[in-house]
Amino acid sequence: MKILIKNIKQLVGIEDEPRLKVSGAEMKKLECIDNAWLAIENDKIVGFGKMEDWEGITDWTNLTIIDASEKLVLPCYCDSHTHIVYAGSREGEFVDRINGLTYEQIFERGGGILNSAKKLRDASEEELVESALKRLNEIMLQGTGAVEIKSGYGLSVEAELKMLRVIRTLKEKSPLTIKATFLGAHAVPAELKNDKRKYIDILINELMPRIAEEKLAEYCDVFCEQNYFTKEETVEILTAGKKYGMTPKVHAEQLSNFGGALAGVEVGAISVDHLEFVGDKEIEALKGSVTMPTVLPGAAFFLSLPLPPARKMMDAGLPVAIATDFNPGSSPSGNMNFMLSLCCVQYKMSPEEAINAATINSAYAMDLSKTHGSISIGKQANVFITKEIPSYAFIPYSFGSNLIETVIIGGKVMN
Ligand code: NIG
Ligand code: FE
């Protein structure tokens with residue numbers, strides 16, 4: 001199978017020399033070609049260039065030609081932080097928050113993550129696969145080509161394994177590239193409310209060996225926050241996770257400055273995510289580390305949290321990634337286009353910075369930047385073609401609109 005996209009008004013996010021991530025001032029640059037062509041063979045990008053330099057086609061067999069006049073082509077988004085497997089929904093808590101309760105107060109009365117845990121334990125694997133596939137399909141048509149999915153609504157040995165097996169099934173059934181994260185340390189389950197130590201021992205001694213045995217997760221994550229897990233517990237759990245082959249990630253500094261980012265740097269986390277309460281100390285520590293600072297603008301927006309200092313981090317020379325945090329409690333949207341709008345409007349990121357953050361940098365945060373996250377020869381053919389639009393800045397500018405016309409995943413047209 002071959003696809004030739006021709007007359008592309010602008011081919012956005014190309015790389016002649018692929019990088020693993022882009023940092024600081026480099027994020028302001030986004031390489032593009034005007035009036036371009038892009039060639040795909042099987043699941044890979046095999047060529048691109050200017051229309052005027054195009055040498056034509058010698059072999060027309062199995063070739064689909066797409067004319068993209070007045071349209072842009074971009075690499076698909078990589079969404080490096082989601083909780084897309086869940087049962088039911090939590091719009092009741094949304095209304096409670098409108099009426100004055102805080103996210104923390106809702107958790108303290110047994111809602112929040114514990115509400116989703118109750119719902120998930122009653123759901124079958126089949127139901128969870130079916131509802132998650134619908135969400136994956138929705139985000140794919142919004143331009144996402146790779147996604148990380150966390151457990152963390154199970155909170156017991158059986159229910160966490162059930163969630164991770166659901167993610168394994170999604171990897172088989174969905175055309176998207178999927179990475180799995182074990183987030184048993186998302187909250188302490190109600191039945192062990194007064195015995196967190198016991199729960200941590202279960203995570204480390206009972207769950208991790210089973211996860212490793214069944215190869216169910218690439219990453220291990222902890223919600224490092226007051227009433228959830230301390231910095232020391234975060235380091236302990238993530239260090240144990242590494243022994244079982246899982247790379248660390250952290251939910252860090254979302255509701256308070258609580259040590260998650262420093263814990264992440266200490267254990268060599270691939271990303272620390274949220275960062276609303278990150279300070280100068282954490283920014284210093286992140287410099288020179290392997291850890292990708294990742295902002296989740298949907299959750300900050302939906303919970304009316306202070307904004308993470310994305311601008312300050314980039315000005316300090318750090319890379320920044322963007323992900324959706326798609327989940328039923330704090331970010332019931334997996335639309336990366338809207339995340340771009342939030343970053344441009346609220347965090348003062350330029351469209352170039354936002355696109356880099358949502359493609360190559362978020363690919364890094366899920367170990368995919370060698371194969372995803374830019375238009376580069378040999379990379380996975382995950383690209384989307386826009387409707388007729390004037391420029392790439394029009395994407396974050398037109399918040400709430402769907403400007404994507406065609407999505408190609410692994411060299412196959414999806415719609
Ligand atoms: O990333 N912060 C912790 N976990 C999720 C929220 C999960 C939920 O409320 O269900 C988050 O925002
Ligand atoms: Fe999250």
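A polar side-chain atom of Tyr153 lies 2.6 Å from an oxygen atom of ligand 1. I begin with that contact, and I should say at once that the model before you is predicted.

Tyr153 is joined by other side chains. In Arg90, a side-chain N or O atom is placed 2.7 Å from an oxygen atom of the ligand. His251 contributes a further contact, with a side-chain N or O atom 3.1 Å from a ligand oxygen. How much of ligand 1 does the protein bury? Taken alone, the ligand exposes 320 Å², and the protein buries 100% of that area.

As to its location, ligand 1 sits in the largest cavity. There are 15 residues around the ligand, and those that come nearest are Arg90, Tyr103, Tyr153, Gln254 and Ser330. By character, the shell around ligand 1 comprises 9 polar, 4 nonpolar and 2 charged residues.

Let me turn to the strands, beginning with the parallel sheet. Eight strands make up an open sheet, in the order 6-7-8-9-10-11-12-13, and their pairing is parallel. Which strands lie at the edges? They are strand 6, residues 77-79, and strand 13, residues 321-322, each of which pairs on one side only. Strand 6 is held to strand 7, residues 144-150, by 3 bridges in the parallel sense. Within that pairing, Asp79 has Val147 of strand 7 as its bridge partner.

For those following the side chains on screen, a general remark may help: in a regular strand, side chains alternate between the two faces of the sheet.

I come now to the antiparallel strands. Strand 1, residues 2-12, runs antiparallel to strand 2, and 8 bridges join the two. Here Val12 stands opposite Cys32 in strand 2. Strand 2, residues 32-41, is in turn joined to strand 3, residues 44-50, by 6 bridges, again in the antiparallel sense.

What do strand 2 and strand 3 form? The two strands form a hairpin, with 2 residues between them. Glu41 stands opposite Lys44 in strand 3. In the turn, Asn42 has a positive phi of about 50 degrees.

To close, I return to the ligand: it occupies the largest cavity, and the protein buries 100% of the area that it exposes when taken alone.

Note on methods. Residues are numbered from 1 along each chain as its sequence is written. Chains are lettered from A and ligands numbered from 1 in the order in which they are written. This is a predicted model: local features need pLDDT of at least 70, side-chain atom pairs count only at pLDDT 80 or more; totals for chains, interfaces and linings use all residues. Side-chain values use heavy atoms; hydrogens and water are left out. A residue is near a molecule or strand if one of its heavy atoms lies within 4 Å of it. A polar contact is a pair of N or O atoms within 3.5 Å; within protein, one must be able to donate a hydrogen and the other to accept it, and residues adjacent in sequence count only if both atoms are side-chain atoms. Accessible areas come from the Shrake-Rupley method with a 1.4 Å probe; for residues, only the protein chains shown count as cover. On a 1 Å grid over the protein atoms alone, a cavity is a set of points where a 1.4 Å probe fits but cannot get out, and a pocket is an open set with protein on both sides within 12 Å along at least five of seven lines; lining residues have an atom within 4 Å of a point. A molecule sits in a cavity or pocket if more than half of its atoms lie within 2 Å of its grid points. Ala, Val, Leu, Ile, Met, Phe, Trp, Tyr, Cys and Pro count as nonpolar, Asp, Glu, Lys and Arg as charged, and the others, Gly among them, as polar. Two strands pair if DSSP finds at least two bridges between them. Helices (H or I, at least four residues) and strands (E, at least two) are DSSP runs, numbered from the N terminus.
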